[in-house]
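Let's take a walk through a protein together, starting with one word we'll need and then moving from a single helix out to the whole fold. Have the picture ready and rotate it as you read.

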Amino acid sequence: MESKIEKAVALFKEGYNCAQAVFVAFSDVTGLDEKTALMLSSSFGGGMGRMREVCGAVSGMFMVAGQLYGYASPTDNDTKKEHYALIQRMAAKFREENGSIICRELLGIDSDGATPTKRTDEFYKKRPCVELVKTCAEIMDEIIAEKGL
């Protein structure tokens, strides 16, 4: 059976964006069908629409955490506080391993337009995105192991 980490990496290598790769890899536990998960996370690739803001893989990881452990009531401040603390802890772990959660800082480039970069061998040599996707899937796996479903 393919692990969620392997699935996230495989999805990214198939051409899905970083957010989609992480979010969809966990769709079996979030309860979303893959098409819905793909559509919902499609805007977050490339640091939100290739604007190079928050890393898409990080956004995908946060989306999984929200689906599994988030809150639905605007007045449930205890659950909200607990969820935000979880998100901050996940971000800190990613930042500790990679130096930042900001796409442009991770890649060393500013926004380079809306056109997706062609996925070639050169792309994979220059960009750490596969490893960033892997890291987010690993962190999410650790959280699920700790907190359960």
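Before we look at who covers whom, here's the word we need: a contact means that heavy atoms lie within 4.5 Å. One more thing to keep in mind is that this is a predicted model.

Let's begin with helix α2, which runs over residues 18-25. How many of its residues are buried? The count is 8 of 8, so to speak the full set: 8 of its 8 residues are buried, where buried means under 20% relative accessible area. If you'd like to find them, they are C18, A19, Q20, A21, V22, F23, V24 and A25.

What does the covering? The cover over the buried residues of α2 includes α1 (4-14), α3 (27-30) and α4 (34-41), along with α5, α6 and α10 (129-147). Now look at the N-terminal end of α2, where N17 acts as a cap. A side-chain oxygen of N17 lies 2.9 Å from the backbone nitrogen of A19.

Next stop: the loop between α5 (45-48) and α6 (56-69), which is where you'll find R50. R52 is found in the loop between α5 and α6 too. Here's something to notice about the backbone. Most residues other than glycine have a negative phi. R50, though, is not a glycine and has a positive phi, near 65°. R52 isn't a glycine either, and its phi is positive at about 65°.

Are these two arginines buried or exposed? R50 has a relative accessible area of 11%, so it is buried. R52 counts as buried because its relative accessibility is 3%. Remember that the cut-off for buried is under 20%.

Now zoom out. The protein has 10 helices and 0 strands, so if you read along the sequence you meet one α after another: α-α-α-α-α-α-α-α-α-α. The C-alpha trace spans about 45 × 35 × 25 Å along its principal axes. A compact globule of 149 residues would have a radius of gyration near 15 Å, and because this protein has 15 Å, the two agree.

How much of the protein is buried? Buried residues make up 41% of the 149. Among contacts between residues at least 6 apart in sequence, 66% join residues at least 24 apart.

Finally, the outside: the accessible surface comes to about 8100 Å², and 51% of that belongs to carbon and sulfur atoms. As for charge, there are 19 positive and 22 negative side chains, and the centres of the two sets lie 5 Å apart.

Note on methods. Residues numbered from 1 in each chain as written. Predicted model: local features only at pLDDT ≥ 70, side-chain atom pairs only at ≥ 80, totals over all residues. Heavy atoms only, no water. Helix = DSSP H or I, 4+ residues; strand = E, 2+ residues; numbered from the N terminus. Buried < 20%, exposed > 50% of the residue type's maximum accessible area, 1.4 Å probe, protein only. Polar contact = N/O pair within 3.5 Å; in protein donor to acceptor, adjacent residues only side chain to side chain. Rg over C-alpha atoms; globule rule 2.2 N^0.38 Å. Areas by Shrake-Rupley, 256 points an atom, 1.4 Å probe, with all protein chains shown as cover. Lys, Arg positive; Asp, Glu negative; His and termini not counted. Charge placed at Lys NZ, Arg CZ, Asp CG, Glu CD.
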